[in-house]
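Me: Could you give me a close look at the nonpolar core of this model? Once that's clear, work outwards to whatever else you find along the backbone.

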Amino acid sequence: MREVRISLVGFGVVGHGVLEVVRRKWGLLRKMGLDMKVVSVTDINGTLFDETGIDPQRLHAAKTLEGIANLDIIGKEAIQEVDSDLVVEVTPTNIVHGQPGLGHIEEALSSGKHVVTSNKGPLVVAFNHLREVAQDNGVMLKYEATVGGTMPLISLIEKNLVGNEILGIRGIFNGTCNYILTRMMEEKYTYSYALTEAQDLGIAEADPAYDVDGIDTAGKVVILANSIFGMNARYEDVSVTGIRDITPEALNLAWERGYHIKLIGEVPSLTVKPMLVPRRSPLAVGGTLNVASIETDLSGTITVTGLGAGSIETASAIVSDIVSIYTSRQVDG
Amino acid sequence: MRLSMDLELQDIPGQLMQSLEPFKKYKGNIISVVHHRDRKTPRGTVPVQIVFEIDPSNIENIKRHLEDNGIVVVRAGEDRFIEEISVLLIGHVLHSDLGDTINRIDSTGFAEVEDLSLRMPGIEEPSSAYLRIRATGKEEIGKSLSILRHVGAEKDLLVIEPIEAEKI
């Protein structure tokens, strides 16, 4: 049995999901030979540490670690102090400077810990740097959950499509925009009405700019460009148009002519813009779904679709990344 | 020159081969033949569309040869615009001189706006226009799109292109 000592940094929606998935899949993980123990959870209030593994049910109802933390250390200090093999970094994302996640990931990698993250900011700001730090320290950095949530995209390309040249990736990478456009088309809602509905359902943030202006999609485009295409793209390199100017009449007109309007991100062209998607295209998925078409030289075009967000869904991608670190180590000789 | 011809054949064996004979005789280079055996006309004939390249001086000879053999030539003519694309514009489409927008494409000589639909929800509100553009080739479709992008930037219109327009 391989013991995996995990430090969870960030205790929001995704952090709770990670604890829940580890709890639910504990038996299955043991069958795979992995004894996963979350030995610490850190948020801005402090760190809860338990060498024998934290019982997730103890934290189930807690929104924060206030009054629960037993160590007065946070952030990089907590990553340094706690003896763990792997850090799950799920703090709030910032696409401009990448902090605090960037500092956390750097600290973890340079102290020889693997990192699994759903935090886009650090990867948008410094993907190539972080990959170098990981290589220099002989550890792995996994980030499937940053692009397309639960939809297997990066691992699909790196594992199953290995040997293929990836010519391009095009898709819907933001479930909030897809939900708003779907509702506008189906119900003839105005943009602002569909947005308020999405906000009431918790699909859109109170400040929706990050989603509807295409910023989130552009961040994912940057991560794909750097990780899959070996580019050195920055957020500023992406040409971005959001969905605020789309009208129900335009959606209706497009529909009558056999098209949807979707917010499409493309790599390596580094564009994010609303595009006409033929109704019968595999990219024409509705609701909060994400989808990606990968154009390859040997396998043709492969399309994957799945839920792009959600606590348990994102956590499932994180746990898959953790498992893959311990089950796909290089075979010597 | 590229031309297309719509024919109607009798539904009897050998008719299709016979209809292609004059193209060989008058050195036509056949690009495509679409044979709609499952879509008969009310008269019971079978529609066939042939696209070909030929010296235009031979077109009348081909037509005569076909008609002499009992094949109906419904239409024959130049087929310049072989590619098409759909584009949607959102914004003050009409008040930013829609005629001028269309003319920018039509005046190229290699592309034309063939179909146009408008939606105007309210006087002050942005309208939407659907345009189908036909052009003489893929490259010309690309040029038309870049003209529209330029016009869009100039007139503050959102130009929505289809995903099939270009490879990823």
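Reply: The largest nonpolar core, in what is a predicted model, takes in 72 residues. A core here is a set of buried Ala, Val, Leu, Ile, Met, Phe, Trp, Tyr and Cys residues joined through side-chain atoms within 4.5 Å. Buried is under 20% relative accessible area, exposed is over 50%, and partly exposed is in between (1.4 Å probe, protein chains only). Residues are numbered from 1 along each chain as its sequence is written, with chains lettered from A and ligands numbered from 1 in written order. Local features need pLDDT of at least 70 and side-chain atom pairs 80 or more, while totals for chains, interfaces and linings use all residues; side-chain values use heavy atoms, without hydrogens or water.

Two residues have the most contacts inside that core: A:Leu153 and A:Ile246. Let's sit on A:Ile246 for a moment. Setting aside neighbours within four places in sequence, its contacts (heavy atoms within 4.5 Å) in chain A are A:Leu181, A:Met184, A:Tyr191, A:Leu251, A:Ile261 and A:Pro274. The list then carries on into chain B, where A:Ile246 meets B:Ile90, B:Leu158 and B:Ile160. So if you centre your view on A:Ile246, you'll have side chains from A and B around it because its contact list draws on both chains.

Apart from that core there is another one, this time of 32 residues. Among its members are A:Leu65, A:Val90, A:Ile322 and A:Val323.

Now for helix α5 of chain A, residues 101-110. Helices (H or I, at least four residues) and strands (E, at least two) are DSSP runs numbered from the N terminus. Eight of the 10 residues of α5(A) are buried, so the rest of the structure largely encloses this helix. Going along it, the buried ones are A:Gly101, A:Leu102, A:Gly103, A:His104 and A:Ile105, followed by A:Glu107, A:Ala108 and A:Leu109. Note that A:His104 and A:Glu107 are on that list too. The cover over these buried residues includes two helices of chain A, α4 (75-81) and α6 (120-136). Strands take part as well, including β1 (2-9), β4, β5 (114-117) and β6 of chain A.

Both ends of α5(A) have something to show you. Ahead of it, a cis peptide bond links A:Gln99 to A:Pro100, with omega about 5°. A:Pro100 sits in the loop that runs from β4 (86-89) to α5 in chain A. Just after the helix, A:Gly112 has a positive phi of about 80°.

Several of the strands covering α5(A) turn up again in a sheet. This is an open sheet of six strands in chain A, ordered β3-β2-β1-β4-β5-β6, and its pairing is mixed. At the edges are β3 (46-49) and β6 (141-142) of chain A; each has a single partner strand, so one side of each is left without a neighbour in the sheet. Two strands count as paired if DSSP finds at least two bridges between them. For β2(A) and β3(A) there are four bridges, and the two strands run antiparallel. One bridge to find on screen is that of A:Val41, whose partner in β3(A) is A:Leu48.

Further along chain A, try the loop between β9 (259-267) and β10, which holds A:Pro268. The peptide bond from A:Val267 into A:Pro268 is cis, with omega near 10°. A:Leu270 is in the loop between β9 and β10 as well. Its phi is positive, about 55°, although this residue is not a glycine. A:Leu270 counts as buried, at 9% relative accessibility.

Set that beside A:Lys188, another non-glycine residue with a positive phi, here near 55°. You'll find A:Lys188 in the loop between α8 and α9 (191-200) of chain A. Unlike the buried leucine, A:Lys188 is exposed, with a relative accessible area of 56%.

One last stop, over in chain B. B:Leu116 belongs to strand β6 of that chain, residues 111-119, and counts as partly exposed at 35% relative accessibility. Not counting residues up to four places away in sequence, B:Leu116 touches B:Leu98, B:Ile102, B:Ala129, B:Tyr130 and B:Leu131. As for B:Met5, that residue is 111 residues from B:Leu116 in sequence and 26 Å away in space, C-alpha to C-alpha.
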